[in-house]
Amino acid sequence: MKKTTKGAIAASGAAVLLMGGAGTLAYWTGSQTVAGTSITSGELKLGAPSCGGWVYDGTSTSVTNFVPGDVVSETCTFGITAIGDNLSAKVTAPASVSRSGTDPTSASATVAATYSLSGAGGASGAILDKDTITSADNAKTLTAVIKVSFPFGTDESASKTVNANDTQSWTASLDDLTVSLTQIQTAANPAT
């Protein structure tokens with residue numbers, strides 16, 4: 001190796017050592033503070049229901065002794081609190097309800113519900129499937145018409161001397177039903 005090459009390598013190594021001992025490399029920087037702000041969350045809730053009592057569907061007759069296949073209904077109203085810039089919510093009720101009491105079967109009754117809105121401001125009327133409650137519906141009244149269909153039961157005549165449908169002569173109570181408002185995902189508030 002030539003003396004000039006060896007000298008160049010030695011000079012480069014010395015320069016690196018001198019730079020390492022002289023301090024650290026610093027990049028230019030700049031910063032500013034972005035002021036915070038006060039934020040408040042909205043609200044989504046249903047007020048306590050006001051219900052008219054269970055009746056045979058399409059009548060004003062109170063339910064006393066139903067027969068298999070009967071449909072009974074309950075109409076309830078709820079106050080809506082819906083506050084939020086990008087709020088969207090769906091109203092739901094369960095698809096079935098269980099029974100308790102001396103009912104010998106474990107089958108549940110089928111539930112169907114329809115909903116409508118009334119009140120000042122914005123649209124009122126029936127809420128169709130997939131329609132939503134928004135902040136425009138704040139302070140409106142939600143009316144839920146809940147229909148419960150009783151099953152026909154099981155024919156037990158094969159094991160007994162007479163037709164003894166298993167829904168005869170029993171006492172039962174429908175368990176409580178929950179009507180819910182649940183926030184849904186929209187383009188304005190996608191899941192993260």
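The paragraphs below lead through this predicted model, from its overall make-up to its strands, its core and its disulfide.

Because the model is predicted, local features are given where pLDDT is at least 70 and side-chain atom pairs count only at pLDDT 80 or more, while totals for chains, interfaces and linings use all residues. Residues are numbered from 1 along each chain as its sequence is written, and side-chain values use heavy atoms, with hydrogens and water left out.

The secondary structure of the protein chain comes to 1 helix and 13 strands, where helices (H or I, at least four residues) and strands (E, at least two) are DSSP runs numbered from the N terminus. Read from that end, the chain begins with the helix and continues with the strands. Of its 192 residues, 21% count as buried; buried means under 20% relative accessible area, exposed means over 50%, and partly exposed lies in between, with a 1.4 Å probe and protein chains only. Contact here means heavy atoms within 4.5 Å, and among contacts between residues at least 6 apart in sequence, 69% join residues at least 24 apart.

Strands of a sheet pair through backbone hydrogen bonds, either parallel or antiparallel, and two strands are said to pair if DSSP finds at least two bridges between them. Strand β11 (141-149) pairs with β4 in the antiparallel sense over 9 bridges, and 9 bridges also join β8 to β11, again antiparallel. In the pairing with β4, V71 stands opposite S149 in β11, whereas L117 stands opposite L142 in β11. V148 is found in strand β11 as well, and at 0% relative accessibility it counts as buried. Leaving aside neighbours within four places in sequence, V148 is in contact with ten residues' worth of surroundings that include W54, V72, V97, V111 and L177. The C-alpha atoms of V148 and A112 are separated by 6.6 Å, although these residues are 36 apart along the chain.

A separate description applies to an open sheet of 3 strands, which has the order β10-β5-β13 with antiparallel pairing. Strands β10 (133-134) and β13 (180-183) stand at the edges with a single partner strand each, so one side of each is left without a neighbour in the sheet. Between β5 and β10 there are 2 bridges, and S88 stands opposite T134 in β10.

In soluble globular proteins, nonpolar side chains tend to be buried together. A nonpolar core is a set of buried Ala, Val, Leu, Ile, Met, Phe, Trp, Tyr and Cys residues joined through side-chain atoms within 4.5 Å, and the largest one here has 23 residues, with I80, V91, Y115, I127, I133 and L142 having the most contacts inside it. The elements that give two or more residues to this core are β4, β5, β8 and β11, and the largest share, 5 residues, comes from β4. Beyond its neighbours within four places in sequence, I133 is in contact with residues including I80, A82, I127 and L181.

The structure also holds 1 disulfide, counted as a pair of cysteine sulfur atoms within 2.5 Å. This disulfide joins C51 to C76, with an S to S distance of 2.0 Å. C51 lies in strand β2 (residues 50-51) and C76 in strand β4 (residues 71-83), so the pair ties together parts that are 25 residues apart in sequence. The torsion about the S-S bond is about 110 degrees, so the disulfide is right-handed. C51 is partly exposed, at 40% relative accessible area, whereas C76 counts as buried at 5%.
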